[in-house]
Every structure is written in structure tokens, then in C-alpha cells.
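Q: Please take a close look at one part of this structure, namely its salt bridges and the elements around them. I should like the account to explain each term as it appears.

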Amino acid sequence: MVESDHVSECEMRFVVQHCSGQSSEMEHSGGLYSSVYEPNGHAAWADDQQHQDKETADNLRRKIKYFFMNPCEKYKARGRKPWKLMLQIIKIAIITIQLVSFGLSNQMVVTFKEENLMTFKHLFLKYYVDGRGDSYAVYRQDEVYEHISYIVDKYSRLRNITVGNHAYEKKGDTYSPLSLCQEFYRNGSISPANETFDIDAQIETECLEIVPVFPMGSTTEDDLLNFVVHFKRLLNVKIKFTLKAINLQTVRNRELPNCYDFDVTITFNNQAHSGRIKVDLDNDVDINECRDWKVTGASPKNIYYPLLFDCLIIVTCITSLALCTRSVLNGIRLQFEYTDFCLVRQGKKVPWSDRLEFLNGWYILIIASDTLTIIGSILKIEIQTKILTSYDVCSIFLGTGTMLVWIGVIRYMGYFKKYNILILTLRAAFPNVVRFIGCAGIIYLGYCFCGWIVLGPYHEKFRTLNTVSECLFSLINGDDMYPTFKYMKQKSYLVWLFSRVYLYTFVSLFIYMILSLFITLITDTYDTIKQQQQEGSPVSELHCFMSECKDLPTSGRYRVEGESGSFTCCFPRCKDSRERLSSESIDSEP
């Protein structure tokens with residue numbers, strides 16, 4: 001790109017030097033000298049300035065047109081191989097392989113956690129049956145003591161009854177004890193018959209620790225006999241203990257096994273004081289590096305191959321990040337150049353819609369995906385080397401990065417006309433869609449709050465704001481509509497009648513009006529873009545400016561354009577003049 005101010009200054013400098021050195025020759029020829037100093041010389045200068053302005057505008061059009069070309073057209077225009085395109089294709093393949101490998105490893109970890117949770121429920125919960133969920137509860141005092149005794153007994157005899165590789169946690173030479181605690185109100189006198197009560201809201205905690213002994217003796221049984229549950233004031237009873245295990249199945253995937261700490265908590269929940277004590281078992285899992293390990297039958301090189309593959313992905317993403325960042329900076333620089341041209345030469349400001357055309361959103365998407373993939377790959381390496389065990393954080397980074405990479409493939413589908421219309425429709429409709437969703441979201445939130453406060457006590461799907469939102473979103477898509485109407489409890493006729501009005505108005509408003517308008521909004525945008533493509537009319541001032549350049553990619557006109565920031569490339573006319581002078585001087589030498 002050659003700026004007119006720079007060209008005129010450079011040519012004037014060259015003319016002055018040329019005139020001072022060869023004034024006699026100019027006077028004899030009467031060419032440049034006469035055009036500068038004769039009275040009618042201003043006309044020649046005006047024509048030359050007009051020619052320079054036209055050439056500057058043509059160069060800018062050509063430069064902008066080249067910027068918006070696809071990789072194949074750029075290859076035809078300047079013969080530059082599409083390294084960035086090939087790098088993205090390779091990156092998609094290796095990132096997908098990495099994600100699948102990590103997904104299989106993470107799946108084994110999740111499966112191991114879930115199966116151990118199910119094992120603990122069958123080992124320590126008496127009469128437990130799969131699928132009972134919240135229905136597992138006790139209703140009598142003797143059942144509470146019976147279940148507590150059952151849990152302590154199974155914990156003490158764990159080594160003899162479990163089929164897994166579970167073991168007690170050790171602190172030094174002693175085993176960690178089982179903790180049996182109950183929380184209850186400090187003082188309380190409750191008389192439902194007289195409708196009187198006296199409660200001290202302060203909560204006290206009473207605990208009992210039981211160390212596993214082999215075999216289980218009278219000491220443990222005596223401790224349980226001394227544990228008295230205060231049912232009238234009881235809030236909950238919690239039994240906590242820690243078990244350790246090793247996940248050996250990771251060896252098959254050439255990974256070192258992990259050591260797990262399961263912090264098991266069994267809760268007898270009596271906060272409602274309704275005569276029904278819910279029993280629930282939950283565990284918190286900590287994944288640690290095993291202290292001493294030895295794996296035979298597997299080469300150490302095979303174990304560290306995934307680490308080398310992750311390093312290759314990091315290098316590839318860094319390269320892609322650098323190339324895309326450079327392209328974004330070039331687009332921003334070209335946007336400023338076009339803005340200055342319109343402001344100085346045409347006296348008008350460029351609208352923001354045209355300015356944003358230079359900011360390629362696909363490159364921003366690739367930069368974000370590369371950043372997430374690099375962070376996720378680093379976390380994956382640390383997980384494989386047992387420095388970290390944050391599988392969830394790593395999976396979020398890798399999953400989001402891979403998702404953005406695959407979404408970026410749509411950019412290359414846009415090079416085909418039939419697919420490009422879909423991308424243009426999404427981009428053109430996006431601002432209106434966001435504004436429409438913002439307005440519809442206000443109405444949606446109003447229905448959420450209303451349904452939660454009114455229908456929550458009588459309908460399971462409206463108990464929390466989260467479930468209300470999920471239920472209403474399902475209704476918008478026509479899912480689960482009849483059960484939502486059916487499961488409404490008819491304990492209050494007024495609330496039941498309100499629920500009918502509430503549900504019917506919501507369904508009618510969002511399905512028949514808002515959803516239809518939403519579809520119409522996108523359809524109208526699609527028809528507009530399709531008509532513009534068929535007519536071939538420019539859609540903005542930038543496209544009108546760029547359409548005046550009729551040079552084809554194979555014309556060779558794009559090869560003479562300088563891109564670097566060096567002095568010789570920014571002033572090609574000066575460079576050509578110097579080369580011409582040097583060649584003349586060489587020819588004049590004897």
C-alpha cells in the first residue's frame with residue numbers, strides 16, 4: 001500500500017535532487033523544468049495529483065480485496081501456500097485424538113467413583129435397594145439404633161466382607177477412627193398435646209470415635225450402648241469415616257494408577273421432625289499420587305508417549321495462536337488505513353459495521369480455542385505426571401477448546417456459496433436475535449418467579465427456581481406438557497385454578513407468539529441475504545468501495561503490493577527510481 005502523501009513527498013525529493021544535478025539537461029529538454037516553472041504548470045501538477053489519488057485508491061481496494069480472499073484465492077494471487085489452513089486441519093485432528101484419549105481416561109475415573117459410591121451404599125446401608133433414592137428412611141427409634149450398629153459392624157469387618165481393594169486410612173501406626181456424631185438443640189421441652197414448647201436454638205454436638213479392632217470386641221459394643229440419641233431435640237446423626245482404594249484399570253491405557261481417598265458420610269436427617277428420618281450416603285473423593293509403585297510388563301517409553309503428544313499439541317496451538325494473532329493485527333491496521341483514507345480523501349467517517357468487517361471473528365474464535373487447549377494440555381500433563389488431579393477443570397478446558405475448534409470449521413464451509421448463505425444469515429440475524437431474547441427473557445423470568453412462589457408447594461417441578469426454569473423451557477419446546485398439567489396437586493382449588501391459567505397463558509404466549517416471531521426474524525434475514533446474493537448487490541459501503549477493484553486473483557496485480565513495514569516496501573516508487581538511476585549509472589560507466 002502506497003500513501004499519497006508519502007509518494008508526493010518522495011517524488012518531490014527525487015525531482016529536486018534530479019533537477020539540481022542535471023539542470024542544464026532539463027533546460028535543454030524542456031520537460032520537467034517547464035512543467036514546474038511555466039505559468040500553466042499548475043494544470044500538469046493537478047493531473048499528476050489526481051492520478052496519484054486514483055492509484056492510491058486502487059492500491060487500497062486491491063489490498064482490502066486481498067485481505068478478504070480465501071486461502072485458495074490468496075494462493076492464486078501471490079503464490080503463498082495456505083500454511084494456516086493446513087495447520088488448522090492438522091490441529092483439529094490431533095486435538096480430537098487428545099480429547100478422545102483424555103475422555104476415555106476420565107470415564108474410567110468417573111466410573112470408579114460411581115461404582116465405589118454404589119458399593120458403599122450396599123455395604124453400609126441395611127436393606128438398601130438400587131433406585132430407592134430419597135425413599136430410603138427409618139421411622140422407629142429401634143431402627144435408628146439398628147442401622148447405626150449395622151454400619152459400625154460392617155466398617156469393623158470391612159477387610160473380610162468387601163470384594164474390592166478397600167482399606168482403612170492410617171495415621172502413623174494407628175487407623176483413623178470412625179466418627180459418630182449427633183446434632184441437637186441444647187434444651188427443649190415439647191408438648192404437642194398441650195400445644196406448648198420451649199426450645200433453645202443453640203445447637204450442641206456430641207461425638208463418639210470408634211477405632212476398628214480385629215476382631216470386633218466388646219469395647220465397640222459397649223461404646224454403642226453408651227451412645228444415646230436425643231430424638232425429641234435431634235437434628236441429624238452423621239457417621240464419617242475414610243477408606244482408601246487404588247484404581248488399577250488405568251494401567252490398560254498406559255497410565256499410572258491413582259490412589260483414592262473416599263471420605264464417606266452417612267446422614268440421618270431429622271430436621272423436619274416429621275417422624276421420618278431420611279438416610280443418605282455421600283462421599284468426597286480425593287485423588288493422590290501413589291507413594292510407592294512398580295509396573296511390570298509395560299515399557300516406560302509407552303507410558304510417556306502421551307506426554308510427548310501433549311507437548312506437540314501445545315507447540316501446534318502456540319503456532320496457530322501466533323499466526324491468528326498476526327492476522328487480527330493486520331486486519332486492525334488495514335481498518336485504520338481504510339478509515340484514514342475515507343476521512344482524508346472522501347471527508348466521511350466509516351460506520352462501525354464496516355470497521356468490524358476487518359475484525360475477523362473466526363480468528364478470535366481460534367485464538368480462544370488455542371488458549372483453552374494450551375491450558376487444558378498443561379493440566380493434562382500435570383495429571384498424567386500426578387502433580388494435579390483436577391480432572392473436572394482439565395475436562396472443561398479441553399472440552400470447550402475442542403468445541404470451539406470444530407465450530408471454527410464452519411468458516412471453511414463458508415467458502416462455498418450454498419453454505420456461506422447460512423453463515424451470513426447467522427451473522428446478520430445475531431444482533432436482532434440478542435435483542436429479541438433479551439425482551440423475551442424478561443417475560444420468562446416473570447413466569448419463573450411467579451410459578452416458583454405460587455406452585456412450588458403443590459408441584460414437584462416448581463420446588464426450586466432451577467427446576468421451574470427447566471420445566472418452562474421444556475414446555476416451550478413442547479416436551480413433558482401433559483405430566484406438568486397432571487401432577488398438580490388439588491389440595492387447594494384456588495391454586496389449582498391459578499395453575500391452569502398460568503400454564504395455558506405461558507404455553508400460548510411463548511409457543512404461538514414469541515417462538516413464531518423468533519422464527520420469522522431469522523427467516524426474514526435469510527430471505528434478505530439470499531436476495532442480495534442473487535442480485536449481487538453490495539451490502540455495505542466497504543463492499544461498494546471494494547467492488548470497484550476488478551482485478552482477478554490470477555491477474556498478477558497482487559504480487560507487486562508490499563506488505564512489510566520496511567522503508568523500501570512502503571515507498572516502492574522511490575525504490576524503483578533508485579534502481580533505475582543505479583542501472584543508468586552502471587550503463588554510463590566505461
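A: A salt bridge is a side-chain nitrogen of Lys or Arg within 4 Å of a carboxyl oxygen of Asp or Glu. Side chains of opposite charge can pair when their charged atoms come close. The structure shown here is a predicted model, in which local features need pLDDT of at least 70, side-chain atom pairs count only at pLDDT 80 or more, and totals for chains, interfaces and linings use all residues. Numbering runs from 1 along each chain as its sequence is written, and side-chain values rest on heavy atoms, with hydrogens and water left out.

In total, the structure holds ten salt bridges. One of them joins Lys 63 to Glu 337, with 3.4 Å between the closest N and O atoms. Lys 63 belongs to helix α4 (residues 41–67) and Glu 337 to helix α10, so this salt bridge ties together parts that are 274 residues apart in sequence. Helices (H or I, at least four residues) and strands (E, at least two) are DSSP runs numbered from the N terminus. Helix α10 itself spans residues 300–345. Glu 337 counts as buried because its relative accessible area is 13%; buried means under 20%, exposed over 50% and partly exposed in between (1.4 Å probe, protein chains only).

Helix α10 takes part in a further salt bridge. Asp 310 is bridged to Lys 380, and the closest N and O atoms are 3.1 Å apart. Asp 310 lies in helix α10 and Lys 380 in helix α12, so the two residues tie together parts that are 70 residues apart in sequence. Helix α12 runs over residues 361–384. Asp 310 has a relative accessibility of 0% and therefore counts as buried. Lys 380, at 3%, is likewise buried. In this salt bridge, then, the acidic partner and the basic partner are each covered.

The next salt bridge stands between strands. Lys 244 pairs with Asp 261, the closest N and O atoms being 2.4 Å apart. Lys 244 is in strand β9 and Asp 261 in strand β10, and the pair links distant parts of the chain, 17 residues apart. The cover of the two partners may be set side by side: Lys 244, with a relative accessibility of 31%, is partly exposed, whereas Asp 261, with 11%, is buried. Strand β9 comprises residues 234–247, and strand β10 comprises residues 258–269.

Apart from these salt bridges between two residues, a network of salt bridges links Arg 140, Asp 142 and Glu 143.

Strand β9, which holds Lys 244, has further contacts to consider. Strand β5 (residues 178–185) pairs with β9 in the antiparallel sense over six bridges; two strands pair if DSSP finds at least two bridges between them. Strand β5 also pairs with strand β8 (residues 203–210), again in the antiparallel sense, over eight bridges. Leu 180 may serve as a point of reference here: Leu 180 stands opposite Ile 239 in β9, and Leu 180 stands opposite Leu 208 in β8. Strand β5 is mostly covered, for six of its eight residues are buried.

Ile 239 also leads to strand β11. The C-alpha atoms of Ile 239 and Leu 281 are separated by 9.4 Å, although the two residues are 42 residues apart along the chain. Leu 281 is placed in strand β11, which covers residues 277–288. With a relative accessibility of 3%, Leu 281 is buried. Asp 280, also in strand β11, is partly exposed, with a relative accessible area of 45%.

Between strand β10, where Asp 261 is found, and strand β11 there is a loop that contains His 273. His 273 is not a glycine, yet its phi is positive, at about 50 degrees. Its relative accessibility of 34% makes His 273 partly exposed. A positive phi also occurs at Tyr 127, where the value is near 60 degrees in a residue other than glycine. Tyr 127 sits in the loop between α6 (83–124) and β1 (137–138), and at 59% relative accessibility Tyr 127 counts as exposed.

To sum up, one salt bridge joins helix α4 to helix α10, another joins helix α10 to helix α12, and a further one links strand β9 with strand β10.
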